[in-house]
Amino acid sequence: MSQYEQKLKQIRHVTLDMDGTIYKGSTLFEFTQPFLQQLQNLGIGYTFLTNNSSKSVKDYVISLNDMGVHASEDQIFTSTLCAIDYLRDEFPLIRHLYVLGTQSLREEFRKYGFDVVEENQEPEAVIVGFDTSLVYERLCRASWWISQGKTFIATHPDFTCPTDQPTVLVDCGSFCRCIEAATGVTPHAVLGKPDHRMLTGILKRHNLEPNELAMCGDRIYTDMAMARSARCLGVLALTGEATEEDAVKCAPHPDLVVPNLEIFGKLLAAAQQNE
Ligand SMILES: [Mg+2]
């Protein structure tokens with residue numbers, strides 16, 4: 001058995017980037033459903049991964065369902081859940097949060113026992129997410145608390161969110177730059193891809209060793225960088241951002257480069273069934 005087959009044989013769980021890996025825009029790739037079915041047949045679990053903190057886990061269950069992909073809540077891991085893990089691990093006494101984010105983001109923190117404060121209450125930390133409902137006064141208020149030394153946490157680093165519409169979707173990383181310019185303070189932590197905690201969160205939830213997890217994605221500098229830093233198997237699918245040329249040029253190389261998930265499924269099945 002070759003070295004990469006040995007690695008594939010150890011895989012018990014697969015994490016899947018979404019846009020560019022299982023669908024493009026709002027169109028599911030035709031191989032996605034058969035691939036997920038194949039994972040089920042092999043007894044391999046899977047989790048969908050996203051940095052987009054404007055939506056809750058529940059929102060993602062609904063939007064995946066609308067595309068025809070059945071997913072339960074525990075099969076979705078967002079940068080928000082990663083931020084919640086981080087707060088619990090590093091700041092176990094923090095309860096009161098000022099959340100610059102959507103209603104869904106605020107509800108997600110409440111669901112996990114945090115108190116999302118109103119405008120006139122003092123928080124212990126400020127969370128900045130992909131606030132697609134951004135209000136100027138709230139941006140100012142978040143900046144004020146950050147200037148007063150409150151713990152500043154960003155759910156993810158993306159400056160923009162990809163779109164095929166004639167607009168720029170200004171994302172969390174850009175809000176943080178704006179706050180940094182206004183206050184001189186940088187975030188204490190920026191969760192989400194490529195931070196390795198996105199994958200260590202999944203390892204913990206499923207009681208896995210790093211070599212038992214494969215991370216599939218279409219971006220070299222986020223998906224593959226994160227796989228490497230979490231010591232998981234990085235599988236680059238050429239169905240999104242990275243081209244074959246990028247894959248050849250990049251260093252270090254992803255563990256595996258495949259045209260799409262269908263081919264990865266075949267390689268995985270062959271390795272797992274190989275005695
Ligand atoms: Mg992607």
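Axes here are lines fitted to C-alpha atoms, for helices over the stretch in contact, and angles between N-to-C directions run from 0 to 180 degrees. Helices (H or I, at least four residues) and strands (E, at least two) are DSSP runs, numbered from the N terminus. What you have above is a predicted model, in which local features need pLDDT of at least 70 and side-chain atom pairs count only at pLDDT 80 or more, while totals for chains, interfaces and linings use all residues. Residue numbers start from 1 along each chain as its sequence is written.

**A pair of helices**

Two packed helices are described by the angle between their axes and the distance between the axes. For helix α2 (residues 32-42) and α11, the axes come within 9 Å and cross at roughly 15 degrees. That makes α2 roughly parallel to α11; the cut-offs are under 35 degrees for roughly parallel, over 145 for roughly antiparallel and 65 to 115 for roughly perpendicular, with the rest called oblique. The contact (C-beta atoms, placed from the backbone, within 7 Å) is made on the α2 side by Thr 32, Phe 35, Gln 38 and Leu 42. On the α11 side, the residues include Leu 261, Gly 265 and Leu 268.

**The six-stranded sheet**

Let us turn to the sheets. Two strands count as paired if DSSP finds at least two bridges between them. One open sheet has six strands in the order β5-β4-β1-β13-β14-β15, with parallel pairing. At its edges stand β5 (76-78) and β15 (256-258), each with a single partner strand, so one side of each is left without a neighbour in the sheet. From one strand to the next, the twist averages 25 degrees. Helix α11 (residues 261-273), already met as the partner of α2, packs on this sheet and touches β13, β14 and β15. The direction of α11 makes about 140 degrees with that of β14.

Some strand pairs can be followed in detail. Strand β1 (residues 13-17) pairs with strand β4 (residues 45-50) in the parallel sense over five bridges, and Asp 17 has Leu 49 in β4 as its bridge partner. Three bridges join β4 to β5, also running parallel, with Thr 50 opposite Thr 78 in β5. Between these two strands the chain passes through helix α3 (residues 57-66), and this β-α-β crossover is right-handed; in other words, with the strands pointing away from the viewer, the path from the first strand over the helix to the second runs clockwise. Further along the chain, strand β13 (residues 213-217) and strand β14 (residues 233-237) are parallel partners over four bridges. Here Cys 216 is matched with Val 235 of β14.

**The five-stranded sheet**

Another open sheet has five strands in the order β7-β6-β8-β9-β12, again with parallel pairing. Its edge strands, β7 (115-116) and β12 (189-190), each pair on one side only. Strand β9 (residues 151-154) and β12 are joined in the parallel sense over two bridges, and Ile 153 stands opposite Ala 189 in β12. Helix α6 (residues 136-147) packs on the sheet against β6 (96-100), β8 (125-128) and β9, at about 140 degrees to the direction of β6. Helix α7 (residues 172-183) touches β6, β8 and β9 too, and its direction makes about 135 degrees with that of β8.

Just before α7, in the loop that follows β11 (169-170), comes Asp 171. With 24 C-beta neighbours inside 10 Å, Asp 171 counts as buried; the scale is buried at 20 or more other C-beta atoms within 10 Å, exposed at 12 or fewer, and partly exposed in between, with C-beta atoms placed from the backbone. Leaving aside neighbours within four places in sequence, Asp 171 is in contact with Phe 130, Asp 158, Phe 159, Thr 160 and Cys 161.

**Backbone features worth a look**

Most residues other than glycine have a negative phi, and most peptide bonds are trans. The table lists cases that depart from this.

| Residue(s) | Feature | Angle and value |
|---|---|---|
| Lys 193 and Pro 194 | cis peptide bond | omega about 5 degrees |
| Ala 251 and Pro 252 | cis peptide bond | omega about -5 degrees |
| Asn 207 | positive phi | phi about 55 degrees |
| Arg 231 | positive phi | phi about 60 degrees |

Pro 194 sits in the loop between β12 and α8 (197-206), and Pro 252 in the loop between α10 (244-249) and β15. Asn 207 lies in the loop between α8 and β13 and, with 9 C-beta neighbours inside 10 Å, counts as exposed. Arg 231, in the loop between α9 (220-229) and β14, has 15 such neighbours and counts as partly exposed.

How values were computed: Two residues are in contact if their C-beta atoms, placed from the backbone, lie within 7 Å.
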